[in-house]
Amino acid sequence: MGTYIAKRVLQFIPVFLGVTIILFVLQNVVPGDPIRLITGGRAVPEQTEEIMRINNHLIQVDENGKALRDENGEYIPTSLVDRYFNYMNKLFHGDLGTSYQKKVSVTSIFAQKYPYTVRLAACAIALEAIMGIGAGVLSAIKRYSFWDILVTLFTSIMVAIPAFWLGMLLQWFFGILMKQWTGGAFSMPISGAGGPSSPYYDWMHYILPAFTLAAVSTAYTARIMRSQLLDVMNQDYIRTAKAKGLSKRDIIVHHALKNALIPVVTYIGIDFGGMLAGAILTETVFNWPGVGYEIYRAITARDWPIVMGGVTIIVVVVMVINLIVDVSYAFLDPRIRLGSSKNEG
Amino acid sequence: MKYPKPIPEAGTVTMHTVAKATTGDGASRTLWGDAWKRLRRNKLAVIAVIWIVFVAIVALTCDLWAQQLLGDPLYASTAEMSKNTLLAPSLEHPFGTDVTGRDILCRVIYGSRISLSVGIIATAISTVIGLVMGALAAYYGGIFDTIIMRLADIFLAFPYTLFVIAMIAVIGNGIQNVFIAIGILGWPSIARVFRSAILSVKENDYVDAARSMGASDVRIVARHIFPNSVASIVVYATMNIGSAILTEAALSYLGMGVTPPQPSWGAMIQEGQTFLTTAPWMMIMPGLAILTTVLAFTLLGDGLRDALDVKMKDA
C-alpha cells in the first residue's frame, strides 16, 4: 500500500509541473500589455509604470531593485525561464496575483467564493449518488424491462442536454409555470429569500442548481452502475451464492452490490473533483456566487489575474482530489495495488 | 465520406471478417457493408442518421429558401421590429420571434451551420492530432510513448470546460478561436483510443508478415494498422462531434463564441435568458435544437459501436 501511494504521488509531480508550465504559457501570451490591463487602459506616469513593471517581474532589476536599461535606454525584459521561476515561487507562497479591478488578492477572492461552490457540489453529489445508483440498480435487475428502457432513454437525453439550458428550463418550469406551488422563487437567491432567520427556506435554493449540476453525472453514474452490476452478476461467486439457495435480493444486497459499487464510487469521487472546478455554466445560470461564476464574471470584465489564478487554484484542487480518489480506490479494491506491484516486479 | 476498406492481403484476418463469416446473411463482404446492415436494424440509429442528414441539408441549403420564407436572420426591418416583437409561436412564425422581431426558426436554421461546422471541424482537428500522437506513442513505444501519454495526462488533468475557456481567454473571443480551442484540446482522448487500438492490432501476425516482407513503418501503419483500428476511431469521432457541439453552445452562451447578431444556438439561449418570463420560446427552441442534434450524434455513435463491434469502456 505504501509503495502504491508513493508511486502515485511521484506520478503526480510531473503532471503538476506540466500543468503549471501550460498555465504559465497561457498567462504570458495573454494579448495586450499587462500594465495596460492593470491600469484599465489609462496612461500612467512613467515612474509608476516602471514600479509596476518591476513588481510584476516584467523587467530586469539590479541588486538595489532599480530597473536596468540597455544602451538605448530601453528596459531589459526578463527571460521566460526567469519569469517561470518567479511564477512558481509565488505559486508556492499562495500568491496568485491581484485582481485588476477589485484590487484584492486573487487568493482572498477565491477563499470567499469557494464555500458556495463546495456546498453546491456536496448537494449535487448527494443527488447524483442517490438517483444514479438507484436508477442503475433498477435497470440492471429489471434488465430489458420498461424501467430499463426508461432509464437508458433518460440517461441518453441527460448526456445530450446543455447544463445551462436545463437550468433555465427548471427555472422557467418551477419559477414561472408552477408559481402558485413554489412561491415563484425564480432567481433562487441563495442569500435566502426568507432571510437569515429562516433556515427552512434556505436549503430550498440549492435544489434546482444542485439538480442541474448533477444531471449529466447522474446519467453516467446510472450507466456505470448498470453495466458494473450486470458484469458482477455473471461472476462465478454469484453463481455459487445462487447455488447455495440465497434469494436474489440477498445476492444483490450482500454480494453483488458491494463489488459493483467500487467503480461507481470512484467515478462519483472524481466527479466531485470536477464539480469543485466550479460549475461555470450552472453557476452562471443561477447567479450562484461560487468560483465558476466569479471566473465567468472575470472573463467578461477581462480581469485576467482572476481567470488565471482561479484556473490554477481549481486545477490544483481537482488534481489533489483525483489523487485522493485513486489512493482510496486502491484501499477499496486490493486488485489495483496488487496489480501495480506485480508490474513492478 | 469514404472509408478505407480492409485490404485483402494474405493473412489479413481480422475479428470483423470472422464476425462477418458467422453472421452469414446477405452478399456483403466488407466491414462497412456489414456494419451498415447491422446499423439499419437499429431503429434509434436510423432515426439519428435521418435527423443528422436533415439538419445537414437544412444547414447547407438555407441560403436558398430560409430568408424568403422567414425573413432576415440577422436584422429585422423597422416595420417588422415594431409589429413582430416577442410574438409567441404561430403558423407564421413556428418558433416565435425575438425582441427585435427576428424569426427564431430562421435563426435556429442559420445556427445549425455554426454547430455542425464546429462539431465537424473541431473533431477533425482533434482526430488528426490524436491519430498522429496515438500512432507515434503506440507504434514506437518507449520514450515516445512515455512523453506523449504523460502529455495527454497533463492535458486531461485540466477540467475540460475550464481549459477551453482559459484558452479562449488567451487567444481571444470569436468563432474561429472556438474551433481551434475545442479542436486542439480534444486530442488526448482520441490519442488514447487510437493508441490502445494500435496496440491490440500491432501484435497480429499479418503485421509481422508485412514487416518481414520489408514494408516501411509508414506503410504498415497506413495500410495495415489504420484500416484495422479505424472502426474505434469512427465511433469515437462521432460521439466527439456531439460533445464539441455542446462545448460550442456553452462558450457562445458565456459570450465567448460568435459575435452578435450572428446566430448560434448557445448565444440564442443566452439572449432568451433575459426574456424567460415573457418569451420562454426564445430559449426553449434553440435548446431543443441542441438537444436533438447532440442526441442524434450520441445515438449514432452508440449504434456504430454496436454495428462495428467496437469494445469501449462503458461510460
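This is a short tour of a predicted model, from chain A to the side of chain B that touches it. Local features here need pLDDT of at least 70 and side-chain atom pairs count only at pLDDT 80 or more, while totals for chains, interfaces and linings use all residues. Residues are numbered from 1 along each chain as its sequence is written, with chains lettered from A and ligands numbered from 1 in the order in which they are written.

**Chain A**

Select chain A and switch to cartoon: you will find 16 helices and 0 strands (DSSP runs numbered from the N terminus, helices being H or I of at least four residues and strands E of at least two). Of its 345 residues, 34% are buried (20 or more other C-beta atoms within 10 Å of the residue's own, with 12 or fewer for exposed and partly exposed in between; C-beta atoms are placed from the backbone).

**A:V9**

Next, pick A:V9, which sits in helix α1 (residues 2-28) of chain A. Is A:V9 buried or exposed? A:V9 is exposed, because 12 other C-beta atoms lie within 10 Å. Now add A:G273: the two are 264 residues apart in sequence and 17 Å apart in space, C-alpha to C-alpha.

**Chain B against chain A**

Finally, show both chains: 35 residues of chain B are in contact with 39 residues of chain A (C-beta atoms, placed from the backbone, within 7 Å). On chain B, colour α6 (142-157), α7 (160-171), α11 (217-253), α12 (265-273) and α13 (281-308), since each supplies at least two residues of the side that touches chain A. Linger on α13(B), which gives the most to that side, with 8 residues.

Technical notes:
Two residues are in contact if their C-beta atoms, placed from the backbone, lie within 7 Å.
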